Amino acid sequence: MQIYLPIAEVSANALTLLGIGAGVGMLSGMFGVGGGFLVTPLLFFIGIPPAVAVATGVNQVVASSVSGVLAHLKRKTVDLKMGTVLLIGGLVGSGLGIWLFRLLTNLGQIDLAVQLAYVVFLGVIGLLMFQEGVRAWVRTSRPNPRRRKLHTHIWVHNLPLKMKFRTSGLYISVIPPILVGMSVGILAAIMGVGGGFIMVPAMIYLLGMPTKVVVGTSLFQIIFVAGFTTVMHAVTSHSVDILLALVLIIGGVIGAQIGTQVGMKLKAEALRVLLALLVLSVAGKIAFDLLVTPDELYSIRVVGRH
Amino acid sequence: MRAGLTLIALLLLAALPARSAEIIGALSQNRVSLTANFSGSEILIFGAIRHDAPRIEDAPSYDIIITIEGPRHPVSVWRKARTLGIWTNVEAVSMASVPSFYAVATTAPMNVILDPEEDARHRISAYHAIRPAQATGAVADIDSFTEALLRLRTREGAYLRLDRWVYLDRDVLFRANVALPTNLTEGAYTTRMYLVREGAVVHQYRTAIFVRKEGLERWLHQLAFDQPLIYGILALIIALVAGWGASAAFRYIRQ
């Protein structure tokens, strides 16, 4: 079944789009990530113009994050105060990112920027997650696990403007969360992702937040950043395709529910290693494309449209 | 205006020596609606050659060339080069007006039935339709960029070359089926029919297909460009409602 997308101005198979939504939704349900980092490259792959893929990917992230955050609010695993601080940084970052996106589009370098961002961030995060996941896996297999410290004190904890975050049990400066929020906001705008895959490790390792509140808090602030980014993309580059987003969302929410069920049956450490491998393979594929001599050196860009 | 006058003059010149024949054509439809279930469209182009003088034995036969030209847009063609080991867009050539779609259908191969000079004058083949002379850019080999434009557009099915696609019956009736692709842009698709004899254009006929978004597609596209803020907020609300609705629905199902 073909469906004509009014903003992308291409006709795509609705079942393919539903499938992409469902597949990514399943992974996001299993791993607790928004899945934007998969949706956007998959949309490139089926021929959606990159700018539309990025802007619409962000819109889809809003829907999947709302779904997730409702569950977390019920379990009281959302640090609203921390979320708000991250959000302030996130909105500033998103604005910067949108501006950068426009600039790079006009310079003809947006594809490169998006691809490089994917390689660098997915690569680094994937490696970190993989290493951490394997270590955790080994640890749980041992009969006498070594106890971890509640949290370690690093340079981050010596900055001024300290604030109390009760839900997270932290008393830290607001500068690192704002910076974390900002960088994730920039990435959200440029890469079409929610940034959960960066936000989550940053919250654990940089801010020292307890793991149980991390996912909910990250989702909470992603809703707002992704929402803001969607509106900004719609206003500055007219590249959000509502119809495309809708089909992806429908597939996504169904997939997410299935994924959650599957995820509960798997071991948490195994899940983390799997997610790391997935992230690494996406990064590897994009890096490969950048390094290998392309078959076609030329590309066409219609000026003034996406 | 000047181009129009030149065209009229050319038409008159072309018509003078061979007054004997004219081409008249029509389309099976001159309106294509882009709706949500649009999956390409097939257009039947048909018509006839009107011979005013009686047909002389052994006279050279007629050929027909039909072109369909989509709305023109400015484009830039980028070329990648290796910088610091990474392939990036380095050089660009811009062209102010390039057809988004271009199909050429003929009764016989172009190089057999049409003089290259006539081709250039009437801008019939895709190479001339993109007007390679308009390309500007700080590169040494502009030609390879215009060639790349043709190659890429041909590969994605936006530029079609349909040799022997037009069926000419007893030198009078002709018809051709052209499939329009799924990624059409809105606008007028100028359809030109050329009557060709001994390598020269004898007469031409022009009409157009109007491609327009309809229904929901039209409404969404207009909203996105006329009221981007409202459109953005609408996108946001849909996402919020869908996300909330999904979790509510699944909670209900599970109970």
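**A sheet and a core shared by chains A and B**

In this predicted model, helix 5 (residues 142–155) of chain B lies across strand 5 of chain A together with strand 5 and strand 6 of chain B. Relative to strand 5 of chain A, helix 5 of chain B runs at about 75 degrees.

The strands beneath this description belong to one sheet. It is an open sheet of three strands, ordered 5(A)-5(B)-6(B), and its pairing is antiparallel. Strand 5 (298–302) of chain A and strand 6 (86–99) of chain B are the edge strands, each of them pairing on one side only. From one strand to the next, the twist averages 25 degrees.

A helpful place to look in the structure is where the two chains pair within this sheet. Here, strand 5 of chain A meets strand 5 (residues 72–83) of chain B in the antiparallel sense, over five bridges. Individual residues make the register easy to follow: Tyr298(A) has Arg79(B) as its bridge partner in strand 5 of chain B, while Val302(A) stands opposite Val75(B) in that strand of chain B.

The contact between the chains takes 45 residues from chain A and 50 residues from chain B. On the side of chain B that touches chain A, at least two residues each come from strand 5, strand 6, helix 5, helix 6 (215–226) and helix 7 (228–254) of chain B. Helix 7 of chain B gives the most, with 17 residues. By residue class, this side of chain B divides into 31 nonpolar, 15 polar and four charged residues.

Attention can now turn to the nonpolar core. In soluble globular proteins, nonpolar side chains tend to be buried together. The largest nonpolar core of this model has 154 residues, and the members that touch the most other members are Leu5(A), Leu187(A), Ile223(A), Ala245(A), Ile64(B) and Val196(B). Helix 8 (residues 211–237) of chain A supplies the largest share of this core, 14 residues. From chain B, domain 1 (2–70 + 99–213) and domain 2 (214–255) each provide at least three residues of the core.

Leu5(A), one of the core members named above, offers a convenient close-up. Leaving aside residues up to four places away in sequence, Leu5(A) touches Val10(A) and Ala12(A), as well as Asp241(A), Leu243(A) and Leu244(A).

Notes:
Residues are numbered from 1 along each chain as its sequence is written. Chains are lettered from A and ligands numbered from 1 in the order in which they are written. This is a predicted model: local features need pLDDT of at least 70, side-chain atom pairs count only at pLDDT 80 or more; totals for chains, interfaces and linings use all residues. Two strands pair if DSSP finds at least two bridges between them. Helices (H or I, at least four residues) and strands (E, at least two) are DSSP runs, numbered from the N terminus. Axes are lines fitted to C-alpha atoms, for helices over the stretch in contact, and angles run from 0 to 180 degrees between N-to-C directions. Two residues are in contact if their C-beta atoms, placed from the backbone, lie within 7 Å. Ala, Val, Leu, Ile, Met, Phe, Trp, Tyr, Cys and Pro count as nonpolar, Asp, Glu, Lys and Arg as charged, and the others, Gly among them, as polar. A nonpolar core is a set of buried Ala, Val, Leu, Ile, Met, Phe, Trp, Tyr and Cys residues joined through C-beta atoms within 7 Å. A residue is buried if 20 or more other C-beta atoms lie within 10 Å of its own, exposed if 12 or fewer, and partly exposed in between; C-beta atoms are placed from the backbone. Domain bounds come from an automatic or database domain assignment.
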